[in-house]
Amino acid sequence: MDLWVYAVILGVVLLLGGAGLVVARRSGRAVEAPPVRPRIAPEEPAETGSVPTRTPEIGEAAPAPVTVERPEPTAGRLVRLRARLARSQSTLGRGLLALLASDKLDDDVWDEIEETLITADVGVEATGVIVARLRERTRVLGTRTAAELRGLLAEELTAALDPDLDRSLKSAHDGRPAVILVVGVNGAGKTTTCGKISRVLIADGRTVLLGAADTFRAAATEQLATWAGRVGAEIVRGPEGGDPASVAFDAVKRGIDTGVDTVLIDTAGRLQNKVGLMDELGKVKRVIEKHGPVDETLLVLDATTGQNGLAQARVFTEAVDVTGVVLTKLDGTAKGGIVIAVQRQLGIPVKLVGLGEGPDDLAPFEPAAFVDALLGD
Ligand SMILES: Nc1nc2c(ncn2[C@@H]2O[C@H](COP(=O)(O)OP(=O)(O)OP(=O)(O)O)[C@@H](O)[C@H]2O)c(=O)[nH]1
C-alpha cells in the first residue's frame, strides 16, 4: 500500500516538474524571440488628407506603399510660414522700426536706415526711393506714433515690391496644357522647387505632368520621379545624358494627349557658359514650341547668394524670356530685401518664395503679407 502511495506521489511530482519546464521554456522563448520586424509604415504625409492606395501586411517584405498626398490649398501659406523669415525680420524689420522710432529723425538716423536697407540687399536704387519717400512722409506727419511709423514703412516696402504685378501661374488654355519651363543653376534648389511647384499646383486643384529634361544629372530625374510619385503626378523621363529637348517635347505631347492642366519641365542649369546655356535652353524652347508656345519660364534663384545670384539671373534672362522668379531659401538669410532687388533689377515678378526644406514650404508670393511678416507683430 505504501508503495502505491509513493508511486502516486512520484508520478504527481514528475508531472508538475514537466509542466513547469514547459512554462519556463515558453517564457524563455518569448524573451529571446527576435524583435518583431517593424511594420513598413507609409511615409508620413506633409499635410493631412493623405490617401494610402494600398495597406501593407504586417511584416510584408514588399516595397513601401504608394501614398498619394493631397497638400492643402496654398491660400495664406505665406502667412502660415511667416515665422521662417525670422532672420530678416530681426535685422531688416525690427532694425528699421527701431531706427524710425528714434527721438529725432536726423541725417545720421536716415543714413543708418539707408545702410540697413542696403545691407539687407534691397539694392541702392530701391533704397534711395524708399528713404526719400519715408523722409518726406515722416516730415509731413510731424509727431509720429509707433503704429503710424509701422504703417508708413509697410506701405513703402510694399510699394517697392510692385503689388499690382500678375503673379499667377498660367493654366491650361485653348484646349492645351500650360507649359512651364523651370530654369536656374544647379544648387539653387531647382529640382526640389519643381517638385514643390507641382504640389502648389495640385494643392490648388490643378493636374500636373512633370518632364525630367535635366538629363545631365541622373539623380535629378530620380528626385523628380519621387516628387511626382508622392502626389500621383505622371513623369516623362529620358535616358541619362539624352537630349533634353526631346524629353521636353515628349512631355508636352503626353500632357496634351492626357489633357493635364500644366506640364512642368525641369531643365539642367549646369552650363555656366552663356553660349552653351542659350543653345540648350533655346533648343528646348524651340522644340516644345512645335506643340505651341511656352507659357511661363520660371527662374529659380537662391536668395542666400544675394548679388551673385542677380548676376547669374541676368545670364538666364538673356537666354530665355523669363516670366517669373522663384526665390528659394529665404528662410536662410537675414537679407530678405533681395526680393525687392530681384524684382526691380530684373523687372520680373517674384511669383513664389521658398521658406524651408519641407515639401510644402514654397508659398505664392504676396507683397503685403511678406512685408507684414518682415515687420513682425
Ligand atoms: N532652407 C531651405 N532649403 C531649401 C529651399 N529650397 C531648396 N532647399 C534645399 O536645397 C537643397 C537642394 O538644393 P540643390 O542642392 O539646389 O539641389 P536640387 O534641388 O536638386 O537642385 P538642382 O541641383 O538644381 O537640381 C535641398 O536640401 C533642399 O531642401 C528653401 O526654400 N529653404
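Here are a few worked exercises on the chain shown above.

This is a predicted model, so to speak: local features need pLDDT of at least 70, side-chain atom pairs count only at pLDDT 80 or more, and totals for chains, interfaces and linings use all residues. Residues are numbered from 1 along each chain as its sequence is written.

**Exercise 1. Get an overview of the chain.**

Task: Find how many helices and strands there are in the chain, and what percentage of its residues count as buried.

Solution. Step one is the element count: the chain has 13 helices and ten strands. Helices (H or I, at least four residues) and strands (E, at least two) are DSSP runs, numbered from the N terminus.

Step two is burial. Of the 377 residues, 39% count as buried. A residue is buried if 20 or more other C-beta atoms lie within 10 Å of its own, exposed if 12 or fewer, and partly exposed in between, with C-beta atoms placed from the backbone.

Step three is contacts, meaning pairs whose C-beta atoms, placed from the backbone, lie within 7 Å. Among contacts with a separation of 6 or more, 73% link residues 24 or more positions apart.

**Exercise 2. Lay out the open sheet.**

Task: Work out the order of the eight strands, and say which strands stand at the edges.

Solution. Read across the sheet and you get β5-β4-β6-β3-β7-β8-β9-β10, with mixed pairing. The edges belong to β5 (234–237) and β10 (362–364); each has a single partner strand, so one side of each has no neighbour in the sheet. Two strands pair if DSSP finds at least two bridges between them. On average, neighbouring strands are turned by 20° against each other, direction ignored.

Now add the helices. α8 packs on the sheet and touches β4 (208–213), β5 and β6, its direction making about 165° with that of β5. Helix α10 (residues 274–288) lies across β3, β4 and β6, running at about 170° to β3. For these angles, axes are lines fitted to C-alpha atoms, for helices over the stretch in contact, and angles run from 0 to 180 degrees between N-to-C directions.

**Exercise 3. Take β3 and β4 apart.**

Task: For each strand, find how many residues are buried, then list which residues point each way.

Solution. Start with β4: six of its six residues are buried. Val 208, Leu 210 and Ala 212 point one way, and Leu 209, Gly 211 and Ala 213 the other. Its partners come next. β4 pairs with β6 in the parallel sense over six bridges, and Ala 212 has Asp 266 as its bridge partner there. β4 also pairs with β5 in the parallel sense, over four bridges, with Gly 211 bridged to Val 236.

Move to β3. Six of its six residues are buried, so β3 is largely enclosed by the rest of the structure. Ala 178, Ile 180 and Val 182 face one way, while Val 179, Leu 181 and Val 183 face the other. Five bridges join β3 to β6 (residues 262–267), in parallel; Val 179 is bridged to Val 263 and Val 182 to Asp 266. Four more parallel bridges join β3 to β7 (residues 296–302), where Val 183 has Leu 299 as its partner.

**Exercise 4. Look into the nonpolar core.**

Task: Find which residues have the most contacts inside the largest nonpolar core.

Solution. The core has 92 residues, and the ones to pick are Leu 210, Ala 248 and Leu 327. A nonpolar core here is a set of buried Ala, Val, Leu, Ile, Met, Phe, Trp, Tyr and Cys residues joined through C-beta atoms within 7 Å. Zoom in on Ala 248: leaving out residues up to four places away in sequence, Ala 248 touches Gly 211, Ala 213, Ile 265, Val 284, Val 287 and Ile 288.

**Exercise 5. Check two positive phi values.**

Task: Decide whether Asp 174 is buried or exposed.

Solution. Asp 174 has a positive phi of about 50° and is found in the loop between α6 (146–160) and β3. With 5 other C-beta atoms within 10 Å, Asp 174 is exposed. For a second case, take Lys 329, whose phi is near 60°. Lys 329 sits in the loop between β8 (324–328) and α12 (338–346) and is partly exposed, with 19 other C-beta atoms within 10 Å.

Methods. Contact = placed C-beta atoms within 7 Å.
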